Amino acid sequence: MSATTTRSLATMAHRRNTNTPPPPPQQQQQQLIPLVVTLNCIEDCAIEQDSLSGVALIEHVPLGRLSDGKIESAAAVLLHSLAYLPRAAQRRLRPYQLILCLGSADRAVDSALAADLGLRLVHVDSSRAEEIADTVMALFLGLLRRTHLLSRHALSASGWLGSLQPLCRGMRRCRGLVLGIVGRSASARSLATRSLAFKMSVLYFDVHEVLIQAL
């Protein structure tokens with residue numbers, strides 16, 4: 001075998017060895033399935049990841065990573081409100097994407113904005129009753145226990161324990177209090193369930209029933 005032939009075979013073997021290896025199977029699957037991006041306050045997308053496992057790749061894009069190109073490469077975008085989205089993020093949405101608005105506070109405003117931007121927006125009825133009830137109950141307990149005042153003075157430099165004592169006056173227990181709720185929406189029922197766990201009484205006032213009786 002001549003030196004030229006040996007050199008040619010070695011060159012071919014070197015070229016075969018330097019070829020880029022194929023990506024692992026998991027990465028190949030991620031390249032084949034579409035990307036779904038969540039914006040606004042939808043940081044916890046565990047429910048979407050569990051529901052769309054193997055169908056789509058779910059990823060949250062915070063406001064600090066708008067320039068990463070994830071929004072532009074997504075097939076669908078999940079958000080709570082298009083109007084509440086910063087203008088810099090609105091400009092990155094594309095007409096070919098499917099924009100899913102989950103539980104929008106004002107559908108008319110979001111729809112009008114989507115029409116101006118040339119986007120395909122679909123409103124999805126997503127109840128946030130549990131989250132609303134959690135927030136209202138947390139605010140209610142904070143007022144009863146004067147948490148907003150205590151947090152302000154908890155780290156006082158001089159004698160913080162003595163300065164906190166006057167602020168503790170006026171604290172109320174939940175047991176025996178009566179919580180009045182106007183309406184019987186899903187969030188109102190969820191709030192009533194939470195208040196009963198704190199040994200509180202609940203009174204409902206249903207506006208719709210009163211109007212029907214008046215008619």
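Which residues have the most contacts inside the largest nonpolar core? Hi everyone, let's start there, and please keep in mind that this is a predicted model. The residues with the most contacts inside that core are Leu39, Leu79, Leu82 and Leu93, and the core has 19 residues. Several elements feed into it: strand 1 (35-38), strand 3 (76-79), strand 4 (98-102) and helix 6 (107-117) each supply at least two residues. Apart from this core there is another one, of 11 residues, and among them are Leu144, Ile181, Ala188 and Met200.

Back to Leu79 for a moment. Leaving aside neighbours within four places in sequence, leucine 79 is in contact with Leu39, Asn40, Ile42, Leu85, Ile99, Leu100, Cys101 and Leu102.

Now to the sheet. It is an open sheet of 5 strands, in the order 2-1-3-4-5, and the pairing is parallel. Strand 2 and strand 5 (120-124) are the edge strands, each pairing on one side only. From one strand to the next, the twist averages 25 degrees. Strand 1 and strand 3 run parallel and are joined by 3 bridges. Have a look at valine 37, whose bridge partner in strand 3 is valine 77. Helix 6 packs on the sheet, where it touches strand 4 and strand 5, and its direction makes about 165 degrees with that of strand 5.

Next, a residue in strand 4: cysteine 101. Is cysteine 101 buried or exposed? Cysteine 101 counts as buried because its relative accessible area is 0%, and the cut-off is under 20%. Leaving aside neighbours within four places in sequence, cysteine 101 has contacts that include Leu79, Leu82, Asp110 and His123. Histidine 123 sits 22 residues away along the chain, yet the C-alpha atoms of cysteine 101 and histidine 123 are separated by 4.8 Å.

Last stop, out on strand 2 (residues 57-60), where we find glutamate 59. Glutamate 59 has a relative accessible area of 19%, so with the line drawn at under 20%, glutamate 59 is classed as buried. Which side chains does the side chain of glutamate 59 make polar contacts with? One is the side chain of arginine 65, at 3.0 Å, and another is the side chain of lysine 70, at 3.4 Å. Setting aside neighbours within four places in sequence, glutamate 59 is in contact with Leu35, Val36, Val37 and Thr38, as well as with Arg65 and Lys70.

That's my tour. Thanks for listening!

Methods. Residues numbered from 1 in each chain as written. Predicted model: local features only at pLDDT ≥ 70, side-chain atom pairs only at ≥ 80, totals over all residues. Heavy atoms only, no water. Helix = DSSP H or I, 4+ residues; strand = E, 2+ residues; numbered from the N terminus. Buried < 20%, exposed > 50% of the residue type's maximum accessible area, 1.4 Å probe, protein only. Polar contact = N/O pair within 3.5 Å; in protein donor to acceptor, adjacent residues only side chain to side chain. Contact = heavy atoms within 4.5 Å. Core = buried A, V, L, I, M, F, W, Y, C linked by side-chain atoms within 4.5 Å. Pairing = 2+ DSSP bridges. Axes fitted to C-alpha atoms, helices over the stretch in contact; angles between N-to-C directions.
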